[in-house]
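Please look at the sequence and the model together. The paragraphs below lead through them step by step.

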Amino acid sequence: MAVDYGEAFLNFYKHEECGTRWADLWSCGCDDKCPKCGGEIEPYLSLAVPDIEAEMVNIHS
Ligand SMILES: [Zn+2]
């Protein structure tokens with residue numbers, strides 16, 4: 001039986017200071033750390049992901 005992660009969100013980030021863009025999957029629309037400079041920013045876009053898709057990827061908790 002698959003682990004129930006509940007609803008997941010695919011968050012898109014763009015760090016204006018260093019120009020880095022990335023997307024990550026979280027259990028909420030929360031802040032993430034810039035992989036380049038370590039700054040924390042809010043997502044500019046957050047999309048709910050259906051549970052079936054969430055089970056196929058690794059989720060940060
Ligand atoms: Zn940055």
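In this predicted model, the hairpin of S1 and S2 has six residues between its strands. Within this hairpin, Gly19 takes a positive phi near 80°. The two strands run antiparallel, and six bridges join strand S1 (residues 8-14) to strand S2 (residues 21-26). Two facing pairs can be picked out along them. Tyr13 stands opposite Trp22 in S2, and Phe9 stands opposite Trp26, again in S2.

What is the order of the three strands in the open sheet? The order is S2-S1-S5, and the pairing is antiparallel. The edge strands are S2 and strand S5 (45-49), each of which pairs on one side only. On average, neighbouring strands of this sheet are turned by 20° against each other, with direction ignored. In general, strands of a sheet pair through backbone hydrogen bonds, in either a parallel or an antiparallel way.

The pairing of S1 with S5 can be followed residue by residue. These strands pair in the antiparallel sense over five bridges. Asn11 has Ser46 in S5 as its bridge partner, while the bridge partner of Phe9 in S5 is Ala48. Phe9 can therefore be placed between two strands, because it stands opposite Trp26 in S2 and has Ala48 as its bridge partner in S5. As a general point, the side chains in a regular strand alternate between the two faces of the sheet.

Now turn to the loops. Gly29 lies in the loop between S2 and strand S3 (32-33). Is Gly29 exposed or partly exposed? It is partly exposed, because 14 other C-beta atoms lie within 10 Å, and a residue counts as exposed at 12 or fewer and as buried at 20 or more. Which residues is Gly29 in contact with, leaving aside its neighbours within four places in sequence? They are Phe9, Asn11, Pro43 and Ser46. Two of these contacts have already appeared as members of the S1 and S5 pairing: Asn11 and Ser46 are bridge partners. Gly29 and Ser46 are 17 residues apart along the chain, and their C-alpha atoms are separated by 5.9 Å.

A second loop residue is Lys36, whose place is between S3 and S4. Lys36 counts as exposed because it has 12 C-beta neighbours inside 10 Å, and the limit for exposed is 12 or fewer. Not counting residues up to four places away in sequence, Lys36 touches Cys18 and Thr20. From C-alpha to C-alpha, Lys36 and Cys18 are 7.8 Å apart in space, with their positions 18 residues apart in sequence as the separation.

The whole chain can now be considered. The protein chain has one helix and five strands, and read along the sequence it follows the pattern β-β-β-β-β-α. Of its 61 residues, 7% count as buried. Among the contacts in the chain with a separation of 6 or more, 47% come from residues 24 or more positions apart.

How confident is the prediction? The mean pLDDT of the protein chain is 82, and 72% of its residues reach 70 or more. Where is confidence lowest, and where is it highest? Confidence is lowest in helix H1 (residues 51-54), at a mean of 56, and highest in strand S4 (residues 40-41), at 96.

Definitions and conventions: Residues numbered from 1 in each chain as written. pLDDT = per-residue confidence, 0-100. Helix = DSSP H or I, 4+ residues; strand = E, 2+ residues; numbered from the N terminus. Pairing = 2+ DSSP bridges. Axes fitted to C-alpha atoms, helices over the stretch in contact; angles between N-to-C directions. Contact = placed C-beta atoms within 7 Å.
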